[in-house]
Amino acid sequence: MELGPPGGSGPAEPGPRLRGLRGADAAASASSLSRFGAEAGCRASAVAAVLPAGGSGERMGVPTPKQFCPILERPLISYTLQALERVSWIKDIIVAVTRENMETMKGIIQRYQHKRISLVEAGVTRHRSIFNGLKALAEDQPNCRLSKPEVVIIHDAVRPFVEEDVLLKVVTAAQEHGASGAIRPLVSTVISPSADSCLDHSLERARYRASEMPQAFLFDVIYDAYQQCSDYDLEFGTECLHLALKYSHIKAKLVEGSPDLWKVTYKRDLYAAESIIKERISQKVCVVMDTKEDEEHVGHCLEEMLKTELNHVKVTSGQDLQQIILEQCYNFVCVNVMTSDFEETQRLLNMVEESNLSILYPVVVISVHFLDYESVPLGQKMEKVMQIREFAKEAKKRNILLSGLLIYFPQRAFNSTMCYFVRSLIIKLRERLGGKKDVDRHG
Ligand SMILES: Nc1ccn([C@@H]2O[C@H](COP(=O)(O)OP(=O)(O)OP(=O)(O)O)[C@@H](O)[C@H]2O)c(=O)n1
Ligand SMILES: O=P(O)(O)OC[C@@H](O)[C@@H](O)[C@@H](O)CO
């Protein structure tokens, strides 16, 4: 059993966040922390998470265990870790992986700068993996270097879309009831087949729910349950809430979860996860103008038009660009009205690279050049703009997808040109994020 982050002495500052995170994330986490009695003078309730990640993913039908299958060239488990690391009041994240995948997991932690992660060896079943994770937090284990939490979250490593609100709900409910779990309405009706594979009876679907993750427990409730577990339960069980009821006599509080809590099980789930991630990261665009004046006129015009297509559009002439990058925007439109040179685009590329933004997701940068054809011969400018190909080759190595858009127009037709430009821009953004389907590579 390996404890503690690879090469590290123990949990460090919150996970792969961009340096100097401010704004909504920090405020939300601070308010959540206060709900655990972290006000001045109270000891904050310690919360840890155990992520079983030791499965083989047979139902996925590909050689790679599904938790390591890439989505946008990044392993699925890294998205789940990032989701948990966004929650600053989770102090330790214990991941159970098989001995053969331990080095792969260490590489993922290193490459994507995951923090607060400790690795333990998985078991031959999910329950045994979870039990090994709990042992890493129990103080009765030899050379245990992690402190026992008051509450422990258990969450499948292949459920990447977990938000702070549902984590807060199950942890708060577990503090009060001893155990809690997320549930979802059943999509299919549950039936019971007879020995000869005929219908014996069916359950009234409205009276039942699907048990999902995350789940949360007072640590002693679930650890005692696992210590008393029969081998049969450890081999064939699939429900932690059942163990808490059977062995610790605790009836878990059930919490309605969001539709995104589903578990990646079949290959179709990878396609769905990839689409959701692309949709989420494509909705925020930052338009960087090359002069303040342009921010007023062209930028405002652009912002109004883009807002009809995208959820979050910011326009800046650069002075708050660093903050926008820290808030994890992944799409940038660098509008060069004054010149067709690339110094503004290059400055943006440098800032994106310094922020490590493109480690987590591909960053789209579109360098736009408006050229008035009545004053600028096309040939002369095309040659200059074509230099972008060299920039793009270098940027791609850093997971930055750079494209160019040349808008060659008569000054008197500026407004109609802008409509054409916005359409071209949206098409280019969607095309860049469409990219090659990673999932095809799992075949
Ligand atoms: N011995 C095991 C088996 C499963 N898991 C983990 O438990 C979670 C949910 O289990 P499941 O979806 O069944 O994963 P697999 O067992 O890998 O899938 P399959 O049943 O298709 O092989 C996954 O994160 C999986 O890695 C684990 O930690 N240890
Ligand atoms: O049975 P599987 O190993 O596919 O999934 C394990 C759990 O995620 C699943 O049983 C949920 O219902 C939560 O308990």
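In what order do the 7 strands of the open sheet run, and is the pairing mixed or not? The order is 5-4-1-6-10-7-11, and the pairing is mixed; strands here are DSSP runs of E with at least two residues, helices are runs of H or I with at least four, both numbered from the N terminus, and two strands pair if DSSP finds at least two bridges between them. Strand 5 (117-121) and strand 11 (253-256) are the edge strands, each pairing on one side only. The model is predicted, so to speak of local features a pLDDT of at least 70 is needed, side-chain atom pairs count only at pLDDT 80 or more, and totals for chains, interfaces and linings use all residues. Residues are numbered from 1 along each chain as its sequence is written, while chains are lettered from A and ligands numbered from 1 in the order in which they are written.

Within this sheet, strand 1 (residues 47-52) and strand 6 (residues 151-154) run parallel, joined by 4 bridges, and V47 has V151 as its bridge partner in strand 6.

A second set of pairings involves strand 12 (residues 284-289). Strand 12 pairs with strand 13 (residues 312-316) in the parallel sense over 5 bridges, and 4 bridges join strand 12 to strand 14 (residues 331-336), also parallel. C286 has bridge partners K314 in strand 13 and F332 in strand 14. Of the 6 residues of strand 12, 5 are buried, so this strand is largely enclosed by the rest of the structure; buried means that 20 or more other C-beta atoms, placed from the backbone, lie within 10 Å of the residue's own.

Definitions and conventions. Buried ≥ 20, exposed ≤ 12 C-beta atoms within 10 Å, placed from the backbone.
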